[in-house]
Amino acid sequence: MSLSITSSVSSRSAARGLVPLCAAVGAYLFYLSAGEILLRDSDTMWQIRVGQWILEHGAMPTSDVFSFTRFGEPWISSSWLSQVMYALVYGGDWAGPVILSSMAIGATVAIFLHLLSPYFDPARALLIAALALLLSTIHFLARPHVLALPVLLAFIGGLLAAADRRTSPSWWLLPLMTLWANLHGGFVLGLALIGPIGLEAVWNAGPGRRRQLVVRWGLFGLAALAASCVTPYGWNSLLGATKILSLGKLLTLIGEWKPADFSKPSFFEATLLGLIGLICYRRLTLSVPRILLLLGLIWMALSHVRNIEVFAFIAPLVLAKPIAEQWATTGAAAARFGETRAFPVVTMLAVIAMVIGAWVTTAMFVAQHQFKFLPMFSPVAAVDVLQQHKAQRVFQHGAVRRLHGEPRHEGVHRRPRRALWRAIRARLLRCARCPRRRPAAGPARQIPDRCHAAELGLAGRQRTGSSEGLEAAVQGRHRRDPCALGRDQGRRGGGSEHELTDAA
């Protein structure tokens, strides 16, 4: 009898231990098979190019070497490690970045299910993980934040696990903070959550242990702050990551930084309303620190759609313990937690088999499938159109063409900023002295109108600009200002100014 009971417990332990791994392999294979959904942002090309620059020069960038308008300005790469990883796996095609990103998503699922296992049975945990993936897929891209997502989840999950146990966090979380700080600038979120999560631990602790917990959590916060500065840039990484948030209204021009839009039905809207209704219906009671944490996560998701994935994976961890205690699942969860501590040989063999199977499947699929960007997401198409119209001087990002193997100065030129603005200033002065453009009274130097801006190439600074539009604008200017036609014809030998176009 005792032998059969022991065998039954061991089998259940092995099965539950395999659930996170099976789900991770399933998520990896799904995003690998649908790899094009990870290649929906041309920023991936820029990330790889920065990583290639770091590998080529053996140094970290300290000034902008890619953009045109900010060339030479101070700049640091807070995601340098992710960029180097993407550059290493990029072999001329997009299979490497897709595989790396899919592996990061699979690791995130495994960590998430492991953190939920003490509080939910495998079926409920898988359901929650599926909802989190559906919410986050919109921002799953081959970019550094995806590589940092499993580290984010492991660090914040470790903090919440310590708060649930009413103890101080493990010092082994500090290397995760260092890794996070080198992978992505979002590590500041982990630093910001140490205080609220520590308050939850102190809130539920006994009166005699609160002072001790305050000291330990405070020391851990200082150590985490120091660990986040272990980067090639030191403490400048912390300042560089916070500068993005100081852009203010400019962030609303970027799609992923826009606030959530409830004017149309969305899955995030349905999830949020369903969560509110479930909490009210089941009368879930939360402590004040957990309420603050949940409201903060909701506010982040509503403020910027890119934070929906943080809400999707962290909010269930905040609610896990209260749900397990108040909805009569605490005892079963504790028993399951005790069982899953075993790690038999059968489980190890199953892990090895699944890893080998996933690797073989990946090799076979990649050999028969070529990943590629859709033309609408690649800025190469804009540069191709401009070159088809024989635009002689095309200012563009530089990283896109170099990423596709073209030399820097073959058909695409970079003009120094100072020389460009000298040419623009001289052109403005010539336009101001034109008698047909001079007003009857007032200063002789008048700000030129839109056709002058088109001639100088300023209208072509838009991403969607084309040489045909610029040519039409300049021809219209010549019809309205005959004296400008003579000036332009006298300048044809050196190239016309209206061919200055930025296709970045």
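**Exercise 1.** In this predicted model, locate I356 and the surface patch that includes I356.

Solution. I356 is found in helix α15, residues 345–368. Together with V345, L349, I352, W359, V360 and M364, I356 makes a nonpolar surface patch of about 770 Å².

**Exercise 2.** Check the span of helix α6 against its number of residues, then describe its course and surroundings.

Solution. Step one: helix α6 covers residues 144–165, which is 22 residues. At 1.5 Å a residue, counted over one less than the number of residues, the expected span is 32 Å. The end C-alpha atoms are 32 Å apart, so the two values agree.
Step two: at P150, α6 bends by about 30 degrees.
Step three: α6 is largely enclosed by the rest of the structure, because 20 of its 22 residues are buried.
Step four: R166, just after α6, takes a positive phi of about 60 degrees.

**Exercise 3.** Work out which parts of the chain are linked by the salt bridge between D164 and R290.

Solution. The closest N and O atoms of D164 and R290 are 2.4 Å apart. D164 lies in helix α6 and R290 in helix α12 (residues 288–303), so the pair, 126 residues apart, links distant parts of the chain. Both D164 and R290 are buried.

**Exercise 4.** Classify K321 and E325 as buried, partly exposed or exposed, and relate their positions in helix α13.

Solution. Buried means under 20% relative accessible area; K321 has 13%, so K321 is buried. E325, at 46%, counts as partly exposed. The two are 4 residues apart in helix α13 (residues 308–326), therefore about one helical turn separates them. Their salt bridge has its closest N and O atoms 3.8 Å apart.

How values were computed. Residues numbered from 1 in each chain as written. Predicted model: local features only at pLDDT ≥ 70, side-chain atom pairs only at ≥ 80, totals over all residues. Heavy atoms only, no water. Patch = residues over 30% accessible without salt bridge, like charges linked within 9 Å, V, L, I, M, F, W, Y side chains within 5 Å. Areas by Shrake-Rupley, 256 points an atom, 1.4 Å probe, with all protein chains shown as cover. Salt bridge = Lys/Arg side-chain N within 4 Å of Asp/Glu carboxyl O. Bend = angle between axes of the 7 residues up to and from the residue. Buried < 20%, exposed > 50% of the residue type's maximum accessible area, 1.4 Å probe, protein only.
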